[in-house]
Amino acid sequence: MKKTFEGKIISLKMNRTAVVEVTRRNPHPLYRKLIKRSSSYKADTGDLVLSLGQKVKFVETRPMSKGKFFKVTEVIK
């Protein structure tokens, strides 16, 4: 099963690549307060025209380079 994430574009400085930040909220193991955690992933943009701050959906693919394992599938807003 392929992993699918939703996130916000934080960088477009590379050719055909966007850096997407995924933020999730998990409860603390002992105190149960919700804690924000975020990860950033490099995703291939293909021929999509994107801009900073857009929310996108991206999916896991075969490795395209040393650090790029995802591909942007659609723009949410």
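# Salt bridges across a five-strand chain

Biologist: Let's start with one pair. Which side chain does lysine 68 meet in a salt bridge, at 3.3 Å from N to O?

Modeller: Look for a positive side-chain nitrogen and a carboxyl oxygen within 4 Å of each other. Here the partner is aspartate 44, and the N to O distance to lysine 68 is 3.3 Å. That pair ties together distant parts of the chain: aspartate 44 sits in strand 3 and lysine 68 in strand 5 (residues 68-75), 24 residues apart. Bear in mind that this is a predicted model.

Biologist: Are those two buried or exposed, lysine 68 and aspartate 44?

Modeller: The cut-off to hold on to is that under 20% relative accessible area means buried. Lysine 68 has 10%, so it is buried. Aspartate 44 is at 5%, so it counts as buried too.

Biologist: Which other side chain meets aspartate 44 in a salt bridge, this time at 3.7 Å?

Modeller: That would be arginine 16, with 3.7 Å from N to O. Again the pair links distant parts of the chain, 28 residues apart: arginine 16 belongs to the loop between strand 1 and strand 2 (17-27), while aspartate 44 is in strand 3 (residues 34-44). Arginine 16 has a relative accessible area of 48%, which means it is partly exposed.

Biologist: Back to the 3.3 Å pair of aspartate 44 and lysine 68 for a second. Which residues end up in one network through shared partners?

Modeller: When salt bridges share partners, you can read them as one network. In this model Arg16, Asp44, Lys68 and Lys71 are joined that way.

Biologist: How many salt bridges does the rule give for this model?

Modeller: The count is 5. One of them pairs lysine 57 with glutamate 6, whose closest N and O atoms are 4.0 Å apart. This one also bridges distant parts of the chain, 51 residues apart, with lysine 57 in strand 4 (residues 55-60) and glutamate 6 in strand 1 (residues 4-14).

Biologist: How accessible are lysine 57 and glutamate 6?

Modeller: Between 20% and 50% we say partly exposed. Lysine 57 comes out at 25%, so partly exposed fits. Glutamate 6 has 43% and therefore gets the label partly exposed as well.

Biologist: What does glutamate 6 touch, once residues up to four places away in sequence are set aside?

Modeller: Setting those aside shows you what the fold brings together. For glutamate 6 the list is Val22, Val56, Lys57, Phe58 and Ile76. As another check on sequence versus space, glutamate 6 and serine 40 are 34 residues apart in sequence, and their C-alpha atoms are 11 Å apart.

Biologist: Now zoom out for me. What pattern does the chain follow along the sequence?

Modeller: It reads β-β-β-β-β, with 5 strands and 0 helices. The C-alpha trace spans about 45 × 25 × 20 Å along its principal axes.

Biologist: How much of the chain counts as buried, and how many charges does the chain carry?

Modeller: Of the 77 residues, 26% count as buried. There are 19 positive and 6 negative charges, and their mean positions lie 8 Å apart. As for the surface, the accessible area is about 5,800 Å², with 52% of it on carbon and sulfur atoms.

Biologist: What share of the contacts between residues at least 6 apart joins residues at least 24 apart?

Modeller: That's 45%. The pair of lysine 57 and glutamate 6, 51 residues apart, is a good example of distant parts being linked.

Definitions and conventions
Residues are numbered from 1 along each chain as its sequence is written. This is a predicted model: local features need pLDDT of at least 70, side-chain atom pairs count only at pLDDT 80 or more; totals for chains, interfaces and linings use all residues. Side-chain values use heavy atoms; hydrogens and water are left out. Helices (H or I, at least four residues) and strands (E, at least two) are DSSP runs, numbered from the N terminus. Buried means under 20% relative accessible area, exposed over 50%, partly exposed in between (1.4 Å probe, protein chains only). Contact means heavy atoms within 4.5 Å. Accessible areas come from the Shrake-Rupley method with a 1.4 Å probe; for residues, only the protein chains shown count as cover. Lys and Arg count as positive and Asp and Glu as negative; His and the chain ends are not counted. The place of a charge is taken as NZ of Lys, CZ of Arg, CG of Asp or CD of Glu.
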